[in-house]
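Welcome to a short set of exercises with worked solutions. Have the viewer ready and try each task before reading on.

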Amino acid sequence: MENLLDINFLIDSFPAIISRLPVTIGIAVGSLILSLFIGVATALIKIYRVPVLRVISAIYVSFIRGTPLLVQIYLVFYGIPKIIYYMQIEYGWLQSADVNSIPPEVYALLAFSVNLGAYLSETIRSAIESVDRGQFEASKSIGMTPAQMMLKVIFPQALATAIPNLGNMFISTIKDTSLVFIIGVIDIMGEAKILGSRGLAFFEVYIAVSIVYWILCIAVERLLVKVEKRARRYERGIA
Amino acid sequence: MIKLENVHKYFERQHVLKGIDLNVQKGEVVSILGPSGSGKSTLLRCINFLEEPTRGIVEIGGRRVDAQSAKKADIVSLRNSTGMVFQQYNLFKNFTVLQNVMIGLTSVKRIHKAEAKKQSIEILERVGLADRLDHYPAQLSGGQQQRVGIARALALEPEVLLFDEPTSSLDPELVGEVLATIRKVADEGNTMLIVTHELQFARAISDRVVFMEDGKIVEEGTPEQLFNHPKVERTKQFLSRANRND
């Protein structure tokens with residue numbers, strides 16, 4: 001009798017796939033953190049109309065939005081070692097960096113940070129601009145510095161507004177990390193591919209890996225609901 | 001205490017303040033009255049540079065700032081010597097009542113947290129809100145929010161308090177508690193500049209009343225002079241019309 005699925009193989013593949021979860025989560029969370037910095041910086045550049053930087057950041061955002069993520073990953077993976085090598089030879093810079101010893105995870109992290117940063121840029125800008133003008137004025141009136149105003153008053157309120165959008169982008173990023181195996185990172189997708197080729201059971205392992213992604217995303221969504229509630233707790237008025 | 005010399009403000013081409021001269025002595029309470037669009041709020045906001053005057057001189061406590069050559073440090077100094085109470089309260093929404101009052105002490109004046117907390121609670125007691133320390137602004141009535149706004153401004157012990165239509169967004173039944181608080185603050189000897197539509201209140205609380213129209217000070221004097229014997233026709237009109245509405 002012909003079996004549609006090798007159930008045992010499918011079940012057995014879970015432990016190995018799950019063992020790579022830290023790679024997937026690490027790249028996703030790491031790039032979320034780095035991209036928040038990029039996003040905030042580019043948003044502020046746009047809001048305060050910083051000359052020169054404003055143009056550079058606009059080109060950056062446009063480029064990232066206008067090219068496929070896969071291409072960006074390749075650009076980082078092949079481009080950065082070449083650039084480092086070129087600097088070493090031409091200028092004698094970065095001598096301590098050994099291009100061959102940089103693990104692919106680093107390139108993955110960079111590529112995803114740069115990618116997500118561009119998408120966060122607009123979300124963060126509109127969140128900051130959605131904060132009531134009076135909040136800025138009150139901060140200034142008591143003599144806060146611009147940095148204090150942003151860190152203590154504006155960002156916390158902007159973040160509360162931006163969390164649903166940030167969350168959606170973060171979930172997309174988790175799923176997009178399935179591309180990193182192409183540069184040699186063994187994440188949950190990479191592991192699934194290896195297992196699949198070993199047992200010639202691709203359908204089974206991809207079912208398994210899809211279940212892992214699915215559960216991960218559900219868990220993150222749940223978490224986000226809690227985070228949002230916490231970030232907006234101050235908005236609850238007298239019921 | 002406050003000295004304004006020939007202050008002008010343009011928004012684009014619109015000439016909103018047309019050369020304002022004003023002196024306020026230490027401990028004096030001065031109300032600015034006038035129809036909407038007369039520039040009275042703009043004038044107040046020019047004093048702490050929430051609006052930058054186009055030209056003119058703003059002097060507070062001896063520190064002269066020429067609008068055309070104002071540096072960041074000048075603006076910071078003006079803001080440190082003034083406290084502002086806003087029409088829309090503008091409490092920090094993400095902070096509790098206590099934090100709203102404390103933040104200026106801890107991050108601007110760099111006072112130690114425990115001490116800042118003690119001082120803030122004392123001030124909140126003065127405005128009658130010591131029982132709402134851990135509430136967020138959204139959990140308070142407008143009147144309570146505005147009293148916190150007053151406490152926040154008082155906390156930094158500014159040389160001058162600026163009130164920008166402090167009761168204009170309040171439900172009528174909440175106006176009283178805020179006016180009572182402002183009166184209390186005035187009785188404590190603070191130097192105050194109040195932009196308001198509450199004519200009777202202005203009359204009762206002020207040492208001096210200034211009437212503005214069309215970006216200029218039309219007339220000023222004691223409440224008695226201005227309300228009972230206005231010299232300028234326009235002031236008479238405004239006060240009589242406003243009196244009818246009271």
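**Exercise 1. Find how strand 1 and strand 4 of chain B pair, then place them in their sheet.**

Step 1: Strand 1 (residues 2–11) and strand 4 (residues 55–60) of chain B run antiparallel to each other, joined over five bridges. Pairing requires at least two bridges found by DSSP; strands are DSSP runs (E, at least two residues) and helices are runs of H or I with at least four, numbered from the N terminus.

Step 2: Across this pair, B:K3 sits opposite B:E59 of strand 4.

Step 3: The open sheet of chain B has four strands in the order 2-1-4-5, with antiparallel pairing. Its edges are strand 2 (14–24) and strand 5 (63–66), each paired on one side only.

As for conventions, this is a predicted model, where local features need pLDDT of at least 70 and side-chain atom pairs pLDDT 80 or more, while totals for chains, interfaces and linings use all residues. Residues are numbered from 1 along each chain as written, chains are lettered from A and ligands numbered from 1 in written order, and side-chain values use heavy atoms, without hydrogens and water.

**Exercise 2. Is B:S120 buried or exposed, and which residues does B:S120 contact?**

Step 1: Locate B:S120 in helix 4 (residues 113–126) of chain B.

Step 2: Its relative accessible area is 0%, so B:S120 is buried (under 20%; exposed is over 50%, partly exposed in between; 1.4 Å probe, protein chains only).

Step 3: Beyond neighbours within four places in sequence, B:S120 contacts B:L98, B:V101, B:M102 and B:L105 (heavy atoms within 4.5 Å).
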